[in-house]
Amino acid sequence: MTKLVTIKGSREGLRLQLDDAAGWPDVLAALRGQLEQGAQFFNGARIVVDIGDRALADEQLAELMALMRQHHLEPSALGSTSRESRNTARAAGVVARPSVRGAGVADERGEAAFVQRTIRSGQVVRHHGHITVVGDVNAGAEVIAGGSVVVWGRLRGTVHAGALGDRAAVICAIELRPTQLRIADLIARAPDGAASGVPEVARIDGDQIAVEPWESYRR
Amino acid sequence: MSRVITISSGKGGVGKTTSTANLGTALAMQGMKVAVVDADIGLRNLDVVLGLENRIVYDLVDVVEGRCRLRQALIRDKHFPDLCLLPAAQTRDKDAVTSDDMIALTNQLRAEFDYVLIDSPAGIEAGFRNAIAGADEVLIVTTPEVAAVRDADRIIGLVEAFDKGHPRLILNRLKPRMVSRGEMMSIEDVLQILAIELIGVVPDDELIVTSTNRGEVAVLDRGSRAGRAFNDIARRLAGEDVPLTVFDDSPGLMSRIFGAFGFRARGSER
């Protein structure tokens, strides 16, 4: 089964790749589902929508932009290999760029970002796959991942794992003292009091986020 | 080689202006030629702290807008002829200057001074960006309070994003007794969060309030604990290796040598 919508993260922001062979209504429906599931993930991100080789008609472009707007997203550009589509976009006042699509679309679940620094207050790290941070995540910082988040350091900020809807995502840190933890659609506030002093893992257990020491989790 | 150093904090009221005035004076006492610049346009304070308020004729915005030459706007300090103040405009706001204006201004000041210290406004907006635009290095001032440290963390991230290198930290208004009672964040607590180099610790000192109100900076008063701490920081800025000591709350007593804790302030290696 091919995915109709693929999300890729890059230094420039997020790239939403839409399948260019499937029917347009199916693609739009898939996009709508993805945006609804990952509202937190997309919030505030720079987004490029890549429609591939599809020749987009005026009203199809309008539908796409309306759907994005419904979710309070303003794409910074439209990418397409079709000159016709790029012209359509420019005529509608949307920035358009030629896109180069890689040969095979990699499975984004397997991809990961590696960050080696202190993530400070006001800074956001966002990636469609997993995120590994070697360093501290300070209070006021945000780490948002489609997959799991590993912090080799002190986690004091806000982390959202599985932000595209993956309830199997986990969050682990050497010192897990976050302001707030989010996994998929669930939110947990950090318990008051001192840190446990051992590395911990947060995951979804039933319908809530559970935190347990790494030693008991691995068994 | 002259150095342009911006003193910033994020949060207001943690001691940026006091630090700028004291470091500027202390460097002048070492025989350096120093300009202190008030970049807090619309809310100027540095002139008051230095006791020079009644001598202002022209200000920074007048220079930028070409109503006077730089030299006309510079005010000579009462005690040290090698210390000059470039005051901020009080009747204008942050939009009166641009980052390019500030870079041009600091380059003009470099030609005449060994040190240019810029007192940044609080906040993360244009005023702050202008204040660091021409800087070679940045000193972050914070107090041992959660809110101040949080804002310092934000500012450090921005300073690093603007490619101003690694800022160094002044921890202001520490009360060693409260720390030892576990009621205040310790030096270690603050450094654990901010993870930057410490250049000095200034103890809480009531004399600062009176000296600030009189327009006489603390470094001129040999009995002031805060004054001695600022003197040490100025020496470290100049590259001297001065061990970090925190002057205790009890007057005259110098206690708690922090070298034993595994960190010490270092002078600049330039």
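**Exercise 1.** Which residue of β13(A) does A:Val159 stand opposite?

*Solution.* A quick reminder before we start: this is a predicted model. Begin with the strands: β11 (residues 158-161) and β13 (residues 180-183) of chain A pair in the parallel sense, over four bridges. Now go to A:Val159 and look across to β13(A), where A:Leu181 stands opposite.

**Exercise 2.** Work out which strands sit at the edges of the chain A sheet that runs β7-β9-β11-β13-β14.

*Solution.* Take the layout to begin with: five strands form an open sheet in the order β7-β9-β11-β13-β14, with mixed pairing. Then check the ends: β7 (124-127) and β14 (186-189) of chain A each pair on one side only, which makes them the edge strands. As for the twist, neighbouring strands of this sheet are turned by 10° against each other on average, ignoring direction.

**Exercise 3.** Find the buried residues of α9 (residues 187-194) in chain B and say why they share a side of the helix.

*Solution.* Pick out the buried ones: B:Ile187, B:Val190, B:Leu191 and B:Leu194. They lie on the same side of α9(B) because they cover an arc of only 95° around its axis. The general rule helps here: an α-helix has 3.6 residues a turn, so residues three or four places apart point the same way. Right after α9(B) comes B:Ala195, with a positive phi near 50°.

**Exercise 4.** Describe α11 (residues 225-237) of chain B, from cap to exit.

*Solution.* Start at the N-terminal end, which B:Ser224 caps: one of its side-chain oxygens lies 3.4 Å from the backbone nitrogen of B:Ala226. Next, the span: the 13 residues reach 19 Å from first C-alpha to last, close to the expected 18 Å. Ten of the 13 are buried, so α11(B) is largely enclosed by the rest of the structure. Finally, just past the helix, B:Gly239 has a positive phi of about 105°.

Methods:
Residues numbered from 1 in each chain as written. Chains lettered and ligands numbered in written order. Predicted model: local features only at pLDDT ≥ 70, side-chain atom pairs only at ≥ 80, totals over all residues. Heavy atoms only, no water. Buried < 20%, exposed > 50% of the residue type's maximum accessible area, 1.4 Å probe, protein only. Helix = DSSP H or I, 4+ residues; strand = E, 2+ residues; numbered from the N terminus. Arc of directions from axis to C-beta. Pairing = 2+ DSSP bridges. Axes fitted to C-alpha atoms, helices over the stretch in contact; angles between N-to-C directions. Expected span 1.5 Å × (residues − 1). Polar contact = N/O pair within 3.5 Å; in protein donor to acceptor, adjacent residues only side chain to side chain.
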